[in-house]
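Q: Could you take a close look at how the aromatic side chains sit together in this protein, and then follow the trail out to whatever they touch? I'd like one connected walk-through that I can read with the model open.

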Amino acid sequence: MRPPHEKPSYPAQAGFAALLALLCGSLQASAQPVTAPAKPPAAAAQRGGASCHNGTNFDRFLADLKAQAAAAGVSPGALGEASPYLVYDQGIVNRDRGQRVFGQVFTQFAGRMAAPYRMQQGQARIKTYAAAFARAEKEYGVPPAVIAAFWGLESDFGADIGHLPTLRSLVSLAYDCRRSQMFVDETIAALKIIDRGDLTPSEMVGSWAGELGQTQFLPSRYFNYAVDYDGDGRSDLLSSPADVIGSTANYIANGLKWRRGEPWLQEVRVPQDLPWDQADLTIQLPRSKWAELGVSYADGKALPNDNLPASLLLPMGRMGPAFLAYANFAAYTEWNNSLIYSTTAGYLATRIAGAAPMHRPSAAVAQLPFNELREMQQLLVRAGFDVGKVDGVMGQQSRSAVKAMQIKYGLPADSWPTAELLARMRGLPRAQTLPTDASAVR
């Protein structure tokens, strides 16, 4: 199993912007054709030129981008058709620079995002589109519940795919310096989608970050993995459920290397004397070994006495729910490297497949607020650990560093950042540790 890696604040995984919109409560309206703007919005922002382009203004930058697209095989016709939509929008750049990753403890987040209605709708979609799901499972080996869970989380099964002009978003982010080359490549991929005949520029609408379709593919992913499952001669991930199902299965199988016939996530029960330092996505043990350590299924039944490797995932530390994460769970962390999102997506898929609701903690599990999580990361960096970006997001690198510090201080090494650990790292006596608000968001 590949360990997940922390990445910049906007991961290239599909659906992250849609996730932020859901968390903010600002669900976007269903896509509608848009009219090409008569003139670039926020034109004054272009005059100075972006520093990463050596002061080149937007018009010159755009001319160079079009030349790159032509060199990559985009036809003059597609470039001409798209040109009215290739305009700069400072508002998109402002959104990107101002975004914050919203977080909750896992049980709160999963309770909202993997709610019973979404499970029921997923099961209903599997029945409604049974032929497409069966074909996708036969061809790609991806279970219907896995596809349906991403479909539900990313757009509520197509209800909220976004309404902003994709080309405008992409080219604006390409001109900005934060991830310029990434979005240059994505703009060219979008032009190739138009050239292939899948979508017209006016049909190409989605999230502010340029993601497209009901499972929120960036254009490069759309171009590489979209398939025509309804037989109409084009791959339409905005309005064709069959194309959405087949394309999502293709990406999961071939882009994320799904292992046919293997599980992805299962809830388990763990004993309180477990060697907590073994609970880590970077550590794999055979199920027989987990059974020896006292781990059982959530209903108390024994684990199989086999050699199937699995990691013990504790999204809220030893006091929260516990899961065995198998090799296929890597597909979730590659789709979106946010641990709370990937675990929720995997959990929702198990619910759609028929698993019981997860067990809730008997008492509230405290979580440090954002400013203290960021302070802990700073202290970890000072202690010599590489935690990736110091942003208050406790990804795998940060959690591994937390575990190392827990071992150093003789605390249960479950990788969950606590007020006690922070106090030790600050050098404060335990008596001065303040209580943590368990409802703090992060």
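A: Sure. Let's start with two side chains to click on: F150 and W335 are both buried. Keep in mind that this is a predicted model. The ring centres of F150 and W335 are 3.9 Å apart and the planes meet at 10°; since planes under 30 degrees apart count as stacked, this pair is stacked. Now look at where the two come from. F150 belongs to helix α8 (residues 144-155) and W335 to helix α14 (residues 329-335), so their contact ties together parts that are 185 residues apart in sequence.

Those two rings have company. One aromatic cluster takes in F150, F217, Y225, Y251, W258, W264, F329, Y332 and W335. Across the structure there are 19 aromatic pairs.

For a contrast in geometry, jump to F106 and F323. Here the planes stand at 90° and the centres are 5.9 Å apart, so you are looking at an edge-to-face pair. F106 is in helix α5 (residues 106-113), while F323 is in strand β8 (residues 322-325), so this pair ties together parts that are 217 residues apart in sequence. As for burial, F106 and F323 are both buried.

F323 also gives us a way into the strands, since β8 is where it lies. Strand β8 is joined to β6 by three bridges, and the two run antiparallel. If you want a residue to aim for, S311 has A325 in β8 as its bridge partner. On to β6 itself (residues 309-313): this strand is mostly covered, with four of its five residues buried. Strand β6 also pairs with β4 (residues 285-286), through two bridges and again in an antiparallel arrangement. In that pairing, P286 finds its bridge partner in P309 of β6.

Back to rings for a moment, but with a charge involved. R135 lies over the face of Y229, 3.7 Å from the ring centre.

That brings us to charged side chains in general. Side chains of opposite charge can pair when their charged atoms come close. In this model, searching the whole structure turns up 15 salt bridges. A good one to zoom in on is R234 with E203, where the closest N and O atoms are 3.5 Å apart. R234 sits in the loop between α11 (219-225) and α12 (241-255), and E203 in the loop between α10 (180-196) and β2 (205-206), so this contact ties together parts that are 31 residues apart in sequence. R234 has a second partner to check: its side chain also meets that of D236 in a salt bridge, at 3.5 Å from N to O.

How covered are these three? R234 is partly exposed at 24% relative accessibility, and E203 is partly exposed too, at 29%. D236, on the other hand, is buried, with a relative accessible area of 5%.

Last stop on the charged tour is helix α18 (residues 419-426), which holds both E420 and R424, four residues apart, or about one turn of the helix. Those two form a salt bridge, with 3.6 Å between the closest N and O atoms. E420 counts as partly exposed, at 27% relative accessibility. Elsewhere, D96, R178 and R179 are joined into one network by salt bridges that share partners.

Technical notes:
Residues numbered from 1 in each chain as written. Predicted model: local features only at pLDDT ≥ 70, side-chain atom pairs only at ≥ 80, totals over all residues. Heavy atoms only, no water. Phe/Tyr/Trp six-rings, centres within 6.5 Å; stacked < 30°, edge-to-face > 60°. Buried < 20%, exposed > 50% of the residue type's maximum accessible area, 1.4 Å probe, protein only. Lys NZ or Arg CZ within 6 Å of the ring centre and 35° of its normal. Pairing = 2+ DSSP bridges. Salt bridge = Lys/Arg side-chain N within 4 Å of Asp/Glu carboxyl O.
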